[in-house]
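Please read through the structure shown below, keeping the sequence beside it. The report that follows begins with one helix and then widens to the rest of the model.

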Amino acid sequence: METPTKPMTAREKIRRLVDVKEQAQREARERYQTDPEYRAIFDELRKENAERRANK
Amino acid sequence: MPKDAPISNYSFAWVGGEHNIYAFTTNDDVGYEIKFVPSAYLFVDYLENYVNAFEMVISVADNPVGKRVPADPLTEPTIRAIFYDFFRSKEHVIVYICDSSDGRQEARFRKFTNWYYKNIAVDLFKMDARLPDGDRFTLLSGILSKKHPYFSQFVELFKHLAEAEK
């Protein structure tokens with residue numbers, strides 16, 4: 001029989017929101033360091049910015 | 001649009017994934033990631049139905065400048081453009097927590113609030129909660145359409161979150 005899940009308190013929900021935010025920020029930095037495909041997206045965007053500046 | 005026309009925001013890319021990732025870079029080559037993390041758990045105690053709730057997280061993926069990210073007038077409009085790109089559905093609820101890791105959460109919250117009131121889309125509704133967190137405050141905002149089917153549950157949730165420490 002399934003045990004009913006205990007409802008999360010407001011404090012627990014806020015803690016989870018903060019934890020998700022901190023983890024996401026950490027992951028973004030790590031992914032940039034380790035995932036060449038991900039880094040390539042930023043390189044392409046930088047190239048676009050540079051071209052736009054050059055065309056001014 | 002001609003290539004040399006003034007721009008109102010940076011180009012951004014949809015990276016995708018289960019966390020709905022967008023990316024953009026600034027003229028200082030700072031790389032930002034904007035993520036919308038599914039957060040339906042916020043509503044589980046209020047509804048049996050699934051709610052399209054997302055936590056918006058703004059991250060600096062790469063800062064080649066080194067120290068503090070330089071102020072850039074196009075960063076805010078770019079994040080706004082990404083927000084509206086994602087927030088196409090009236091069924092979405094977006095929750096945003098200001099980053100408090102460097103103690104500048106008040107400034108970020110003011111910026112976010114100014115942005116919201118300056119550029120509010122007519123049918124959007126925003127609620128804020130300011131929550132004590134040790135010697136700091138956690139500042140939380142939630143945005144949804146006034147026509148959202150679970151509008152009243154959202155208001156209830158935010159009232160509940162705002163009273164977390166009382």
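## Helix 3 of chain B

On the other side of helix 3 of chain B from its buried residues, Ser152(B) and Lys159(B) are exposed. The buried residues of this helix are Phe154(B), Leu157(B), Phe158(B) and Leu161(B), and they cover an arc of only 95° around the axis, which puts them on the same side of helix 3 of chain B. An α-helix has 3.6 residues a turn, so residues three or four places apart point the same way.

The length of helix 3 of chain B, which covers residues 151-162, can also be checked: twelve residues at 1.5 Å a residue should span 16 Å, and the end C-alpha atoms are 17 Å apart, which agrees.

## How far to trust the model

This is a predicted model, and its confidence values should be kept in mind throughout. The mean pLDDT of chain B is 83, with 87% of its residues reaching 70 or more. Among the elements of chain B, the lowest mean pLDDT, 74, belongs to helix 2 (residues 105-118), whereas the highest, 97, belongs to strand 2 (residues 21-25). For the complex, the predictor gives an ipTM of 0.89 and a pTM of 0.87.

## The plan of chain B

Chain B contains three helices and seven strands, and from the N terminus on its elements follow the order β-β-β-β-α-β-α-β-β-α. Of the 166 residues in chain B, 32% are buried. Among the contacts in chain B with a separation of 6 or more, 55% are between residues 24 or more positions apart.

## Helix 1 and the strands of chain B

Helix 1 of chain B, made of the twelve residues 75-86, reaches 17 Å from its first C-alpha to its last, which is close to the 16 Å expected at 1.5 Å a residue. Which residues of helix 1 of chain B are buried? They are Thr75(B), Thr78(B), Ile79(B), Ile82(B) and Phe83(B), and because they cover an arc of only 140° around the axis, they are on the same side of helix 1 of chain B. These buried residues pack against strand 2, strand 3 (31-38) and strand 4 (52-62) of chain B.

Strand 4 of chain B is also joined to strand 5 of chain B by five bridges, and the two strands run parallel. Within this pairing, Ala53(B) stands opposite Val93(B) of strand 5. Five of the six residues of strand 5 of chain B (residues 92-97) are buried, so this strand is largely enclosed by the rest of the structure.

## Where the two chains meet

The contact between the chains involves 26 residues of chain A and 32 residues of chain B. On the chain A side, helix 1 (10-34) and helix 2 (36-54) each supply at least two of the residues that touch chain B, and the largest share, 14 residues, comes from helix 1 of chain A. The residues on this side of chain A divide into 13 nonpolar, three polar and ten charged.

Val15(B), which is found in strand 1 (residues 13-16) of chain B, gives a single example of a contact across the two chains. Leaving aside its neighbours within four places in sequence, Val15(B) is in contact with Ile41(A), Ile21(B), Tyr22(B) and Ala23(B). With 18 other C-beta atoms within 10 Å, Val15(B) is partly exposed. Its C-alpha atom is separated by 9.5 Å from that of Lys35(B), although these two residues are 20 residues apart along the chain.

## A tyrosine in chain A

In helix 2 of chain A lies Tyr38(A), which is partly exposed, with 19 other C-beta atoms within 10 Å. Not counting residues up to four places away in sequence, Tyr38(A) touches Arg31(A) and Tyr32(A). Tyr38(A) and Arg52(A) are 14 residues apart in sequence, and from C-alpha to C-alpha they are 22 Å apart in space.

## Two loop residues with positive phi

Most residues other than glycine have a negative phi. Asn20(B), in the loop between strand 1 and strand 2 of chain B, has a positive phi near 50° and is not a glycine. Asp29(B), in the loop between strand 2 and strand 3 of chain B, likewise has a positive phi, of about 70°, although it is not a glycine. Asn20(B) counts as partly exposed, with 16 C-beta neighbours inside 10 Å, and Asp29(B), with 16 such neighbours inside 10 Å, also counts as partly exposed.

Definitions and conventions
Residues numbered from 1 in each chain as written. Chains lettered and ligands numbered in written order. Predicted model: local features only at pLDDT ≥ 70, side-chain atom pairs only at ≥ 80, totals over all residues. pLDDT = per-residue confidence, 0-100. Helix = DSSP H or I, 4+ residues; strand = E, 2+ residues; numbered from the N terminus. Contact = placed C-beta atoms within 7 Å. Nonpolar A, V, L, I, M, F, W, Y, C, P; charged D, E, K, R; others polar. Expected span 1.5 Å × (residues − 1). Buried ≥ 20, exposed ≤ 12 C-beta atoms within 10 Å, placed from the backbone. Arc of directions from axis to C-beta. Pairing = 2+ DSSP bridges.
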